[in-house]
Amino acid sequence: MALSTMACGIGWDVMEPIDLISGWDLTQAGVRKKAYEYVQREKPDLIVVAWPCTYFSPLQNLQMQKPGYWDTLVKKRALHEPLIKFAANIMQMQREGGREFLGENPLASFAWKTTGGKKMLDMGFAANLDMCQFDLRAPDSGDYLRKSTRVVTLLKSMAHELG
């Protein structure tokens with residue numbers, strides 16, 4: 001949503017963000033179907049997708065000593081894995097339509113090892129980058145934050161520039 005707001009601010013035409021904040025709960029199959037239809041109807045030149053990484057973060061390993069945590073994590077990943085498949089399907093739609101796609105998630109995210117994550121990596125071009133390259137800073141100190149990130153795109157040149 002933040003990227004759409006910035007793009008609109010510089011004069012780009014943007015779609016309504018497909019985001020939980022704007023009422024799109026993509027964990028629901030019916031909502032994903034409506035989102036596919038919306039994208040097919042609008043045919044945007046570029047779609048940027050950042051699916052939630054929380055339950056796919058290596059930081060989840062720090063919780064494993066808690067009794068029952070692994071079972072909880074498996075359930076939460078199962079709830080969120082359709083979002084990664086959704087991103088891969090949107091990437092496929094964009095490719096078939098000759099349009100662009102950019103997906104991002106932390107470099108160490110286990111999401112890249114899921115079926116959807118692998119599909120995106122196989123379909124496009126990946127680049128690894130640190131968000132400090134793009135001026136990511138800690139809000140309190142202003143110090144640069146590395147936040148190693150992987151992006152996947154349909155354009156080799158875009159992957160090269162971002163990397």
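There are 0 disulfides in this structure, which is a predicted model. If the term is new to you, a disulfide is a covalent bond between the sulfur atoms of two cysteines. So why does Cys53 have no such bond? Its sulfur sits 17 Å from the closest cysteine sulfur, the one in Cys132, and that's too far for a bond. Flip the view and you get a matching story: for Cys132, the closest cysteine sulfur is in Cys53, 17 Å away, again too far. To count as a disulfide, the two sulfur atoms would have to be within 2.5 Å. As for how covered they are, Cys53 is partly exposed at 28% relative accessibility, and Cys132 is partly exposed too, with 27%.

Now for a charged residue tucked away. Arg77 belongs to helix α3, which covers residues 69-96. Is Arg77 buried or exposed? It's buried, and yet Arg77 has no salt bridge. The nearest side chain of opposite charge is Glu81, and that one is 7.8 Å away. A salt bridge needs the charged atoms within 4 Å. What does Arg77 touch, then, leaving aside residues up to four places away in sequence? Its contacts are Tyr55, Phe56, Ser57, Trp70 and Phe110.

Next, have a look at the backbone. Most residues other than glycine have a negative phi. Two lysines here go the other way: Lys43 has a positive phi, and so does Lys147. Here they are in a table.

| Residue | Phi | Loop between | Relative accessible area |
|---|---|---|---|
| Lys43 | about 50° | α2 (29-42) and β1 | 48% |
| Lys147 | about 40° | β3 (125-130) and β4 (148-153) | 45% |

Lys43 counts as partly exposed, and Lys147 is partly exposed as well.

Finally, let's check out the surface. Which residues make the nonpolar surface patch of about 690 Å²? They are Leu3, Met6, Ile10, Trp12, Val14, Leu46 and Val48. Two elements give two or more residues to this nonpolar patch: helix α1 (2-9) and strand β1 (46-49). Leu3 is one of the patch members and lies in helix α1. With a relative accessible area of 45%, Leu3 is partly exposed. That value lets Leu3 join in, because patch residues need over 30% relative accessible area.

So, to recap: the cysteine sulfurs of Cys53 and Cys132 are too far apart for a bond, Arg77 is buried without a salt bridge, and a patch of nonpolar residues, including Trp12, lies on the surface.

Note on methods. Residues are numbered from 1 along each chain as its sequence is written. This is a predicted model: local features need pLDDT of at least 70, side-chain atom pairs count only at pLDDT 80 or more; totals for chains, interfaces and linings use all residues. Side-chain values use heavy atoms; hydrogens and water are left out. Patches are made of residues with over 30% relative accessible area and no salt bridge: like charges are joined within 9 Å, nonpolar side chains (Val, Leu, Ile, Met, Phe, Trp, Tyr) within 5 Å. Accessible areas come from the Shrake-Rupley method with a 1.4 Å probe; for residues, only the protein chains shown count as cover. Helices (H or I, at least four residues) and strands (E, at least two) are DSSP runs, numbered from the N terminus. Buried means under 20% relative accessible area, exposed over 50%, partly exposed in between (1.4 Å probe, protein chains only). Lys and Arg count as positive and Asp and Glu as negative; His and the chain ends are not counted. Contact means heavy atoms within 4.5 Å.
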